[in-house]
Amino acid sequence: MLDACGLKSLDDLYSHLPAEALFPRSLDIPAGKSEYEISDYFKQQAAKNANGYASFLGAGVYAHYRPVLCDVVVSRGEFLTSYTPYQAEIAQGTLTTIFEFQTMVCQLTGMEVANASMYDGSTAVPEAAMMAARVTGRHKFLVASNLHPEYREVLDTAARNAQLHVEPFGYDSKTGTIDIAGLESKLDKDIACVILQSPNFFGIVENIKQASELAHKHGALLVVVFSEAVSLGLVEPPRDADIVVGELQSFAISPSYGGPFAGIIATKEKYMRQIPGRLVGETKDADGNRAFCLTLSTREQHIRREKATSNICTNQALIALMATVFMSVYGKQGLRELAEQNLAKAHYLAKGLDLPFSGPFFNEFVARPKGRTPEEANAALLEKKIIGGLPLGRFFPELKDSLLLCATEMSKRADIDAVKEVLL
Amino acid sequence: MPKTLGKIRPHLTQNESLLFELSHPGKTGYQLPELDVPAVDAAEALGGENVRTEIEHFPEVSEVEVIRHFTRLSTWNYGIDLGLFPLGSCTMKYNPRINEAVARIEGLAWAHPYQPESLSQGAMEIAAVLEQYLGEIFGMDAVTLQPAAGAHGEYTGIMLVRAYLESQGNPRKKVLVPDSAHGTNPATAIIAGYEVATLKSNEQGMIDPAVLEAAVDDTVAAMMITNPNTVGVFEENIVKIAGILHAKGAQVYMDGANLNALVGVARPGDFGIDVLHSNLHKTFSTPHGGGGPGAGAVGVKSHLEPFLPTPRLRQANGQWTWDYNCPQSIGRVRAYYGNFGVLVRALAYIMAHGGPGLRNATLDALLNANYLRAKLAPYFQIAYNAPSMHECVFEDTRQESKGVRTGDIAKRLIDYGFHPYTVSFPMIVHGALMIEPTETESKQELDAFCESLIAIANEIDTDPEMVKHAPYMTRTSRVDEVTAARKPIVRWKP
Ligand SMILES: Cc1ncc(COP(=O)(O)O)c(C=O)c1O
């Protein structure tokens, strides 16, 4: 091969690089390892993590059972090792599944258009905010303080750099839902959108209709965020929102220490051309058969460059496929029953505990351990091989006496009882 | 039609309806355990108005229908597992399956980001080792693993530049981007709050130091440079270019999408780069999965380190811990700690190769690209004479004289059993054919690919019309993208 290239040695391949750019030594990385050694290394690392614990953590990342089919499908090389489906004729598999994904996201959220995925729920929030700024020509965002705090931080970073303004509004300390009066007092003609989460970070279902009426009265859009997708099996979707963003981690995506997950963004048809990221559309091939392809790409960076709606390129396609398989396996009836089980488990766990908020909750809620700090309660639970809830003081100083607890279909009654014993 | 063309012979594929069309009321494919706690009335618990009646038109299919549905659809796809995937700028290398296996080990896959640090030491160690190895590969002082993809890494990097310059008193106004740059570069600069100034490349496809010199002033915050650049050429003046920018107080950002050409051979940190991102899903082999997930690790020189996203990984008393006390940090760019599962795969790849193996992979990638260039140069017009690194870029001028463009050649290549190269990018090349074979392809596969492209070049001479309507061997003939955009149908309706 070197001969064909007219070269004498492999070193000739880079000999034209300026001498001062060349790396004069070898990489300080141990010599290559065999498959067995690699497998062994990662097993050893995994052994240093929690193993065999029951967990009551939620807070944006949920433990749900992953039907076997999900990994079976995403492990097929035709899906796993394909690229972004720019060459539609040999990517109809990927394109068709994305079209189904977009459709199911619309059905779940009550929206009319959904894209092919965002990186995750947190990064989808600033994308929605920017989209609202483009639609309204306004530069301020009103954000509920019971939005996932890390989503909020991601929004703050983005807004600061884009010279856009984020203004928080509070939550009602009795119900745990947004403070409607506080929201109303802050709405004016500069507000591009109101951003709130439902179920919110405390697990409580918000009154979307009321918030949307207020936002719309002032010409602002309503952005509704969700982090627990399973809730949409049972909870009325945010039909009155203008943009819905969220996280599909609950749909067969393992917690994986925080990623990769799959974010979604969905909206009304009239805002379709402002949506960021990839979209798949239906069309025909030259023989008149139904076919799918990437479409409306004049919104995107590879065509529009500095005028694009976003800089997103690679998204979370394979993870979105996992979620698509999950939604297909559970289907209409299964997703509802799954949600009902979550509701039942969480309410069983909550019963009798000291709950600071009265708002209706789905599968997670805030509770105050009796006679112990949250940290002490968690330490006591760890001894029983149970990871308790998230101590909230880290994000909400006023809730430093409280834990955010989550129960799912995977929480066993005996473990729930053990948690109650420690918290009561 | 002949039954065999190149390495292709047609075989049967199944037609398949959409899930919604397969649905029948009452069909199910799920199983749930019997509820071991009392059932709860949803309307009572949530309020009647908060409970939906049903998910209208959501699929209702059986388990066997689900597996057949997705298996049938999968057969309509092409992937690296089927053959060469020479998409320029995308580094479509083989994805070792050990990476998939280790990412699924229970203690890693089921680690919750908020579980106690004392019960997360393994995950944190993996991230720490990867940070260290990437720092060594980049020649950089510090690395963040938080960004979710290349474009997200760019965004992080430019925000770091802004924070640093702000700390010096003035964030400045503009980011310079060469006209050969990937679209994410200008798009990133805008969302990071900068204006974009485009710089014209010279006749070698490179940045011209004289043009740069004239364009840089104290309003320029940074220049985004892809190196090797998008025509697959190493910016031979990179050290000088960095010097020009630094002299005016500007930062040098490197888009490391093409790092596969450099690992173990040259380090960005050694040739003047202040901050770069690397697409771990390219250079470090995590599968593209039809468009993601990826990871966009960002490396920086020490002066930018205080601004890295929070939290930072630190070691104290032999224990790993997340440090949230980073007062100068740009803040978070993503919840939690990044696409951890992708990071696991990237580390497994680096460990499998080791230092010497990574360098060998680079040399093989360069060799494969130069081999293709040498074999194809008699038939296609090379875009620039400068030596190629990991990819080679041709233009379609010779074929255009017969009315055939790069997009047509790409479709015909599908008939021969290959995924096409990258079409029409970079935009500075007239009808670009951008070919990146990667190191994991054998000479046999490369030869078969060259034979196919050469056969197409001959077909264009004899029957250009035929080529213009390709593909013929696929189950789907040429897809009408124009109608799709004119009348967008982006979801199924009953
Ligand atoms: C040169 C270049 N820069 C940036 C990107 C963006 O990376 P990503 O798709 O991971 O966001 C790509 C690839 O798509 C690229 O080829």
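In the predicted model, helix α5 (residues 92-109) of chain A and helix α11 (residues 317-350) of chain A approach until their axes come within 10 Å, crossing at roughly 45°. The two helices, α5(A) and α11(A), are therefore oblique to each other. The crossing in which α5(A) passes α11(A) is left-handed. On the side of α5(A), the contact is made by Thr97(A), Glu100(A), Phe101(A), Met104(A) and Leu108(A). On the side of α11(A), Ala320(A), Leu321(A), Thr324(A), Met327(A), Ser328(A) and Leu335(A) take part. By residue class, the contact of α5(A) with α11(A) comprises seven nonpolar, three polar and one charged.

Helix α8 (residues 184-191) of chain B is mostly covered, six of its eight residues being buried. The buried residues in α8(B) are Thr184(B), Asn185(B), Pro186(B), Ala187(B), Thr188(B) and Ala189(B). Their cover includes α10 (301-304) of chain A. From chain B, the cover includes α7 (150-167), β2 (174-178), β3 (195-199), β4 (220-226) and β5 (251-255). Gly193(B), which follows α8(B), has a positive phi near 90°.

Positive phi values also occur at residues that are not glycine. Arg172(B) is not a glycine, yet its phi is positive, at about 70°. Arg172(B) is placed in the loop between α7 and β2 of chain B, and with 17% relative accessibility Arg172(B) counts as buried. Ser285(B), likewise not a glycine, has a positive phi of about 75°. The loop that holds Ser285(B) runs between α11 (280-283) and β7 (296-300) of chain B. Ser285(B) has a relative accessible area of 0% and is buried.

Two loop positions were examined for their surroundings. Val205(A) sits in the loop between β5 (191-197) and α9 (208-217) of chain A and, at 4% relative accessibility, counts as buried. Not counting residues up to four places away in sequence, Val205(A) touches Thr177(A), Ser198(A), Pro199(A), Val235(A) and Pro360(A), as well as Leu46(B) and Asn50(B). Between the C-alpha atoms of Val205(A) and Ser231(A) there are 9.4 Å, although these residues are 26 residues apart along the chain. Pro199(A) lies in the loop between β5 and α9 of chain A, and the peptide bond leading to it from Ser198(A) is cis, with omega near -10°.

Ala383(B) belongs to the loop between β10 (381-382) and β11 (392-395) of chain B and counts as buried at 17% relative accessibility. With neighbours within four places in sequence left aside, Ala383(B) is in contact with Val393(B), Phe394(B), Glu395(B) and Val429(B). Ala383(B) and Val429(B) are 46 residues apart in sequence, and their C-alpha atoms are 6.6 Å apart in space. Elsewhere in chain B, the peptide bond from Ala470(B) to Pro471(B) is cis, with omega near 5°. Pro471(B) is in the loop between α16 (464-468) and α17 (481-486) of chain B.

A search of the whole structure for disulfides gives zero over all chains. Cys293(A) is in no disulfide, and the nearest cysteine sulfur, that of Cys313(A), is 17 Å away. At 1% relative accessibility, Cys293(A) counts as buried. Cys313(A) is also in no disulfide, and the nearest cysteine sulfur, that of Cys90(B), is 7.8 Å away. Since a disulfide requires sulfur atoms within 2.5 Å, the separation of 7.8 Å leaves Cys313(A) without one. Cys313(A) is buried, with 12% relative accessible area.

Technical notes. Residues numbered from 1 in each chain as written. Chains lettered and ligands numbered in written order. Predicted model: local features only at pLDDT ≥ 70, side-chain atom pairs only at ≥ 80, totals over all residues. Heavy atoms only, no water. Buried < 20%, exposed > 50% of the residue type's maximum accessible area, 1.4 Å probe, protein only. Axes fitted to C-alpha atoms, helices over the stretch in contact; angles between N-to-C directions. Helix = DSSP H or I, 4+ residues; strand = E, 2+ residues; numbered from the N terminus. Parallel < 35°, antiparallel > 145°, perpendicular 65-115°, else oblique. Left-handed = near helix turned anticlockwise from the far one by under 90°. Contact = heavy atoms within 4.5 Å. Nonpolar A, V, L, I, M, F, W, Y, C, P; charged D, E, K, R; others polar.
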